[in-house]
Amino acid sequence: VPIRTIDKDSITIGTASWKDNFFKYGGWGIRLGLDGSTAYNAKNGDYIEFEYYVEGSGSRSGSGSGSDKPGKRRKYRFVSNDVETVASLMRGEGVGVSVNV
């Protein structure tokens, strides 16, 4: 998913149990969800979920922030050991800020 197609306001974090992963995605790995989302579901636990715009779909959709971008919206989820940091970087927060150690 190209970073420029991600709706930054849609980035959320959550936690999924084995039961959540099994019933929503039918298991683990790269999976399609019952709701049309895609997941890289490598393990149970913390995940990042976001919506992105499919480039070249030729339609305009969405509501609120980001609705001016072309394309169909899709949802994607992936797991991470540090969801807070990854979600922050995906939103562009703290990028270009120097940190004194």
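In this predicted model, confidence in the protein is lowest in helix H2 (residues 83-91), at a mean pLDDT of 93, and highest in S1, at 96. The mean pLDDT of the protein is 84, and 79% of its residues reach 70 or more. Residues 59-67 stay under 50 throughout. For this stretch the model has 20 contacts beyond four places in sequence.

The salt bridges were examined next. Their count comes to 4. One of them pairs Asp 7 with Arg 73, with the closest N and O atoms 2.9 Å apart. Asp 7 belongs to the segment before strand S1 (12-16) and Arg 73 to strand S5 (residues 72-79), so the bridge ties together parts separated by 66 residues in sequence. Asp 7 has a relative accessibility of 5% and therefore counts as buried. Arg 73, at 22%, counts as partly exposed.

Arg 73 also forms a salt bridge with Glu 51, where the closest N and O atoms are 2.2 Å apart. Because Arg 73 lies in strand S5 and Glu 51 in strand S4, this pair ties together parts that are 22 residues apart in sequence. Glu 51 has a relative accessible area of 21% and is partly exposed. The cut-off for a buried residue is under 20%, so Glu 51 at 21% is not classed as buried. Asp 7, Glu 51 and Arg 73 are thereby linked in a network of salt bridges.

A further salt bridge joins Arg 77 to Glu 49, with the closest N and O atoms 3.0 Å apart. This pair links distant parts of the chain, with Arg 77 in strand S5 and Glu 49 in strand S4 (residues 45-54), 28 residues apart. Arg 77 is buried, its relative accessible area being 7%. Glu 49 is likewise buried, with a relative accessible area of 11%. The interaction between the side chains of Glu 49 and Arg 77 is also a polar contact, at 3.0 Å.

The surroundings of Glu 49 extend beyond this partner. With neighbours within four places in sequence left aside, Glu 49 is in contact with Ser 10, Ile 11, Thr 12, Lys 24, Tyr 25, Lys 75, Tyr 76 and Arg 77. Strand S1 comprises residues 12-16, and Thr 12 is among the contacts of Glu 49.

Tyr 25, one of the residues in contact with Glu 49, lies in helix H1 (residues 18-25). Tyr 25 is buried, with a relative accessible area of 2%. Beyond four places in sequence, Tyr 25 touches Asp 20, Arg 31, Leu 32, Gly 33, Ser 37, Thr 38, Ala 39, Asn 41, Glu 49 and Arg 77. Both residues of the salt bridge between Arg 77 and Glu 49 are thus found among the contacts of Tyr 25. Tyr 25 and Tyr 40 are 15 residues apart in sequence, and their C-alpha atoms are 9.9 Å apart in space.

Ser 37, another contact of Tyr 25, is placed in the loop between S2 and strand S3 (38-41). Ser 37 counts as buried, at 1% relative accessibility. The side chains of Ser 37 and Asp 35 are joined by a polar contact of 2.6 Å. Apart from residues up to four places away in sequence, Ser 37 touches Lys 24, Tyr 25, Arg 31, Leu 32 and Lys 75. Lys 24 and Lys 75 are contacts of Ser 37 and also appear among the contacts of Glu 49. Arg 31 and Leu 32, in turn, are touched by Ser 37 and by Tyr 25.

On the surface, Trp 18, Phe 22, Phe 23 and Trp 28 form a nonpolar patch with about 480 Å² of accessible area together. Helix H1 spans residues 18-25, a range that includes Trp 18, Phe 22 and Phe 23 of the patch. Trp 28 is instead located in the loop between H1 and strand S2 (29-32). At 37% relative accessibility, Trp 28 counts as partly exposed. Helix H1 therefore contributes residues to the surface patch and also holds the buried Tyr 25.

Note on methods
Residues numbered from 1 in each chain as written. Predicted model: local features only at pLDDT ≥ 70, side-chain atom pairs only at ≥ 80, totals over all residues. Heavy atoms only, no water. Helix = DSSP H or I, 4+ residues; strand = E, 2+ residues; numbered from the N terminus. Buried < 20%, exposed > 50% of the residue type's maximum accessible area, 1.4 Å probe, protein only. Contact = heavy atoms within 4.5 Å. Patch = residues over 30% accessible without salt bridge, like charges linked within 9 Å, V, L, I, M, F, W, Y side chains within 5 Å. Areas by Shrake-Rupley, 256 points an atom, 1.4 Å probe, with all protein chains shown as cover. Salt bridge = Lys/Arg side-chain N within 4 Å of Asp/Glu carboxyl O. pLDDT = per-residue confidence, 0-100. Polar contact = N/O pair within 3.5 Å; in protein donor to acceptor, adjacent residues only side chain to side chain.
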